Amino acid sequence: MLMHLQRYLIVGFLASHVLESVLGQIAYNILEEVKVGTTVGNITKDINLSLKELTSREFRIVSNLKREYFRVNTETGALQVSERIDREELCASAASCSVNLEALVNRPLQLYRVRINILDVNDNSPAFPVSSASLNITEITAAGARFPLQSAHDADIGVNSLKTYKLGSNEHFTLDIQTHSDKTISAELVLVKALDREKTPFVDLLVTAVDGGSPARTGTLNIMVNVLDINDNAPVFGKSLYKVSIAEHTAVGATVIRLQAKDSDESLNGELVYSFISHTPQNILERFEIDRETGDVKIRGDVDYEESNAYEIRVQATDKGGVPMSGHTKLLVEVLDINDNPPSVTVTSLINPVEESAGKGTVVALMTVSDPDSGKNGAVRCRLAGSSPFKLQTSFQNYYSLILDDVLDREKVAEYNITVVAEDEGNPQMSSAKVINVLVADVNDNAPRFTTKTEYAALRENSKAGSVLCTLKASDADIGENALITYTIPQTAINGTPVSSLFKIDTLTGEIQSLQSFNYEEMKTFQFKVQATDSGVPPLSSNVSVNVFILDENDNSPGILAPYSEHGSVNTENIPYSAEAGYFVAKIRAVDADSGYNALLSYHISEPKGNNLFRIGSSSGEIRTKRRMSDNDLKTHPLVVVVSDSGEPSLSATVSVDVVVVESTGDIQTQFKHAPMKEESFSDLNLYLLIATVSVSVIFLLSLISLIAVKCCRTDGSFSRYSAPVITTHPDGSWSYSKSTQQYDVCFSSDTLKSDVVVFPAPFPHADAELISINGGDTFTRTQTLPNTEKVR
């Protein structure tokens, strides 16, 4: 029968001679690749036939090959080559290669067996899977590091097959050539001198594969070594070679072995991805696969012992660093037969639960393993599947201890399902698994935690004692007593007052209640700490800062300013009978201790109702005439002015003003000055008017200068650390000035006889961009910010 038939393109030369003829079987040796027509041997002579008998006895050659490689020359009786012979095509890599023929003659019928041995010639050069490859090596890789090379293949056999590898001259690497038990040869690059990326960023290597023929044939592989930095720890397997045996026809998806590598780096540089190296032979890829995350090597396709009794798989673990690094190992999978009893694992003692503070070396469980088989089929070894902080340790045969090999953290993993895999040494190998459930007991190793470092809460002023400020909630990753939290307020003082006299906290719920009411005008904001403590031993705690804001309530009525603020006094103002519409009568001024809308004041005339002679500016408080006087009008007009704020509910104050109509302006002047007028070209009244006019002009100029300075300063940020005051105009012509949270009204009268400049506080909410502009008449359209370092004079 023919050996396995495989096809390769190969060239060679020939030679032949007669080997032997024994007991009706004739054997010849011939080199592959001989020329067509080359004589293999004189077959008629070797079977004692004459040339005449070749025709008369119907001599013929019978073969079951698809092609006729040989024919008999009827003139000479020689067996000759009729087609090109390629040993690699006929027998692939078989140790021996032969073609069997049958020579038949009739009268009488005789059968002669002819075996032609095809001898190998060195007609194939060693060849790598690829002509070039790249290798990334960090500059901190230590001397002695090994890097497996892709094996070259030589279709020839015997002395003509691959014999060795050679490495081109370089100062960094050498070759370690290894010959295995199956006579195959592999090579690893060994780093002999540390690399320095800054000096040598690239190293070109030339690896030459040499066969044993004469003359020798070679194949080359160019390797570009990229010297990298960063990520300075490559993954490392526990072994350089793993050996495992599996039964033939093992079910698809079964785990062959778990290969685990360790990386000293952290984060992505320490997270590993497992894979077979590139250019892994296709027959291995068809039968095996590896889990990228766990390193489990699994069966992918049918494994047949008759096809191959062993597989050498090269596995690499690559980290996820920015410049990935890889560690390598070899896995030798041996395919075995028989063995029909799996081993079993029995847990004889188990400590459960295990405290998370237990130290390395703590014995968690004791186990015994057994197998009813005998010999190697009954010899059992155990291992742990998957990654866990436990390891197995054996004291004597078939007795194992499950030992804690790392720290525990219940908050991360509360229980472990540890799979103990017991494998016998039978052929084929059989195994069983025992799952041990281990609970982790909690210890108090986590302090309570608030969601934020600072909490903000608001409380309205004048709220009753016992009002809820807020409820704080902390969490603790522990459980049971270790997670039972109590809340306290540490003893501190706020503006000299102990915080314990201001607030109390529910120790269980974290609800904070006020113990007294607060006045916004006295205290606007303050801060204190709250501590959360668990009930563990020893207890752990953490703090949170509580920032409290007091919200203003409308609890202050407007206050009337002089000269109309005296209660019960009669306020009288005189106007001439000839006064035109819009004549200035008086200006009511008021302030409010509240802030924001609670301090925004408006003025209204409430009595007499239906009066159509006077009006008052709702914002300015200026009383003016609506029209000229008539003979039907009263001589005295009692007015009641109501000043109201904008709070909810609104608070107000009233003032009474009697407006008396006189016949001439002289009467008004006399009454206003309470002294007779002097007939001088430049009277005292004119002097006062001049001073008032100059004062108003100076204030106006200062305001304009301040506006320009602030605009420039805000451009370069020189006043960025101050809060911005504001001057605001109202539709009735009055101005308001605000500094920080305090606002001042600056009022100018349009009447020359009653011109005044008054600055008084009126708290309004702070504005980030407080601007001013007067757009003629009684309206304003824009504002301008002033620095709060300016003062109103």
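**Helix, sheet and loops: the calls and their cut-offs**

Trainee: Where is L702 placed?

Mentor: L702 sits in helix α6, which spans residues 684-716. Helices (H or I, at least four residues) and strands (E, at least two) are DSSP runs, numbered from the N terminus. The model is predicted, so local features need pLDDT of at least 70 and side-chain atom pairs pLDDT 80 or more, while totals for chains, interfaces and linings use all residues. Residues are numbered from 1 along each chain as its sequence is written, and side-chain values use heavy atoms, without hydrogens and water.

Trainee: Why is L702 called partly exposed?

Mentor: L702 has 44% relative accessibility. Buried means under 20% relative accessible area, exposed over 50%, partly exposed in between (1.4 Å probe, protein chains only). The value 44% falls in between, so L702 is partly exposed.

Trainee: Which residues make up the nonpolar surface patch?

Mentor: L687, L690, I691, V694, V698, L702 and I705. Together they offer about 590 Å² of accessible area (Shrake-Rupley, 1.4 Å probe; for residues, only the protein chains shown count as cover). A patch residue has over 30% relative accessible area and no salt bridge; nonpolar side chains (Val, Leu, Ile, Met, Phe, Trp, Tyr) are joined within 5 Å, like charges within 9 Å. With 44%, L702 passes the 30% cut-off.

Trainee: Now the sheet. What is the strand order?

Mentor: The order is β26-β32-β31-β28, an open sheet of 4 strands with mixed pairing. Its edge strands are β26 (354-355) and β28 (380-385), each paired on one side only.

Trainee: How do you know that β31 and β32 pair?

Mentor: Two strands pair if DSSP finds at least two bridges between them. β31 and β32 (residues 431-441) have 9 bridges, so they pair, in the antiparallel sense. In one of the bridges, A422 is partnered by S432 of β32.

Trainee: D424 lies in β31, residues 415-424. How do you know that D424 has no salt bridge?

Mentor: The nearest side chain of opposite charge, R381, is 7.4 Å away. Lys and Arg count as positive, Asp and Glu as negative; His and the chain ends are not counted. A salt bridge needs a side-chain nitrogen of Lys or Arg within 4 Å of a carboxyl oxygen of Asp or Glu. At 7.4 Å, R381 misses that limit, so buried D424 has no salt bridge.

Trainee: What does the side chain of D424 reach at 3.0 Å?

Mentor: The backbone nitrogen of M430. The backbone nitrogen of G426 is 3.1 Å from a polar atom of the D424 side chain. A polar contact is an N or O pair within 3.5 Å; within protein, one atom must be able to donate a hydrogen and the other to accept it, and sequence neighbours count only if both atoms are side-chain atoms. Both distances to D424 meet the 3.5 Å limit.

Trainee: What makes I560 buried?

Mentor: I560 has a relative accessible area of 15%, below the 20% limit, so I560 is buried. I560 belongs to strand β44 (residues 559-560). I588 is 28 residues from I560 in sequence, yet 7.4 Å away, C-alpha to C-alpha.

Trainee: What makes N48 exposed?

Mentor: The relative accessibility of N48 is 67%, beyond the 50% limit, so N48 is exposed. N48 lies in the loop between α1 (43-46) and α2 (51-56). Its phi is positive, near 60 degrees. Most residues other than glycine have a negative phi.
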